[in-house]
Amino acid sequence: VNRLYYTECKEITEMMPFTTVVDNFDAEYSYVANKGTVFTFKTNLDAPRYRLIRADLAAPELTWDSLLAETEDVLKWVSWVNHTQLVVCYLRDVKSVLQLHDLE
């Protein structure tokens with residue numbers, strides 16, 4: 001369970017301003033990838049077995065879109081590869097199952 005903030009890292013010359021994305025302890029959010037201001041996170045928000053969500057952090061109002069819904073298997077980890085794909089690892093019946101998904 002964590003809070004989530006971000007800032008643009010163009011040039012570090014002084015204290016950088018942080019923008020609040022999540023300011024409560026409602027779920028766990030783990031960064032996976034981003035394309036510009038659209039960020040993808042692994043979360044257990046409304047999904048005890050985890051799912052992938054994304055949001056445009058530059059949008060006037062934050063809206064979470066589901067990228068990979070929660071399944072019967074537990075989503076263990078996700079890795080961004082080739083700038084366009086995600087390797088997703090699920091735990092199914094005490095074994096790991098790897099899947100490859102397009103980031104789009």
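A salt bridge is a side-chain nitrogen of Lys or Arg lying within 4 Å of a carboxyl oxygen of Asp or Glu. Keep that in mind for the first three close-ups, and remember that this is a predicted model.

**Figure 1. R3 and D23 form a salt bridge.** Welcome to the first view! By the rule above, the count for this structure comes to three salt bridges, and here we look at the pair R3 and D23, whose closest N and O atoms are 3.6 Å apart. This pair links distant parts of the chain: R3 sits in the segment before β1 (4–6), while D23 belongs to the loop between β2 (19–22) and β3, and 20 residues separate the two. Both partners are partly exposed, R3 with a relative accessible area of 39% and D23 with 47%.

**Figure 2. R49 and E70 meet through their side chains in a salt bridge.** Here the distance from N to O is 3.9 Å. Which loops do the two partners come from? R49 is found in the loop between β4 and β5, and E70 in the loop between β6 and β7, so this salt bridge ties together parts that are 21 residues apart in sequence. R49 is partly exposed, with a relative accessible area of 33%, and E70 is also partly exposed, at 27%.

**Figure 3. D73 reaches R92 in another salt bridge.** The closest N and O atoms of D73 and R92 are 2.8 Å apart. D73 lies in the loop between β6 and β7, whereas R92 is part of strand β8, and the pair links these distant parts of the chain across 19 residues. Is D73 buried or exposed? D73 has a relative accessible area of 14%, and because buried means under 20%, D73 counts as buried. Its partner R92 is partly exposed, with a relative accessible area of 31%.

**Figure 4. Y50 is a buried residue in a loop.** You can find Y50 in the loop between β4 (38–43) and β5 (51–56). Its relative accessible area is 17%, so Y50 falls under the 20% limit for buried residues. The side chain of Y50 also makes a polar contact of 3.0 Å with the side chain of E28. Which residues does Y50 touch, not counting those up to four places away in sequence? They are E28, K42, T43, N44, E70 and L75. You have already met E70 as the salt-bridge partner of R49. For a sense of scale, try H101: it is 51 residues from Y50 along the chain, and the C-alpha atoms of the two are separated by 16 Å.

**Figure 5. Twelve residues make up the largest nonpolar core.** Its members are V32, A33, Y50, L52, L67, L68, L75, V78, L86, V88, Y90 and L103. Four strands, β3 (29–35), β6 (65–68), β7 and β8, each supply at least two residues of this core. Which strand gives the most? Strand β8 does, with three residues. A second, separate core has eleven residues, including A27, Y29, F41 and L57. To explore the neighbourhood of one core member, pick L52: leaving aside its neighbours within four places in sequence, L52 is in contact with ten residues you can look for one by one, V32, F41, K42, D65, S66, L67, L68, L75, V78 and L86.

**Figure 6. Strands β7, β8 and β9 build an open sheet with antiparallel pairing.** The order of the three strands is β7-β8-β9. The edge strands, each pairing on one side only, are β7 (74–81) and β9 (95–102). From one strand to the next, the twist averages 20°. In a regular strand, side chains alternate between the two faces of the sheet.

**Figure 7. β7 and β8 form a hairpin.** Three residues lie between these strands, and N82 in the turn has a positive phi of about 55°. The two strands pair in the antiparallel sense over seven bridges. What is the bridge partner of W80 in β8? It is L86, a residue of the largest nonpolar core.

**Figure 8. β8 and β9 form a hairpin too.** This time two residues lie between the strands, and D93 takes a positive phi near 50°. Strand β8 (residues 85–92) and β9 pair in the antiparallel sense over eight bridges. Two pairs are worth finding here: V87 has L100 of β9 as its bridge partner, and Y90 stands opposite V97 in β9.

How values were computed: Residues are numbered from 1 along each chain as its sequence is written. This is a predicted model: local features need pLDDT of at least 70, side-chain atom pairs count only at pLDDT 80 or more; totals for chains, interfaces and linings use all residues. Side-chain values use heavy atoms; hydrogens and water are left out. Two strands pair if DSSP finds at least two bridges between them. Axes are lines fitted to C-alpha atoms, for helices over the stretch in contact, and angles run from 0 to 180 degrees between N-to-C directions. A nonpolar core is a set of buried Ala, Val, Leu, Ile, Met, Phe, Trp, Tyr and Cys residues joined through side-chain atoms within 4.5 Å. Buried means under 20% relative accessible area, exposed over 50%, partly exposed in between (1.4 Å probe, protein chains only). Contact means heavy atoms within 4.5 Å. A polar contact is a pair of N or O atoms within 3.5 Å; within protein, one must be able to donate a hydrogen and the other to accept it, and residues adjacent in sequence count only if both atoms are side-chain atoms.
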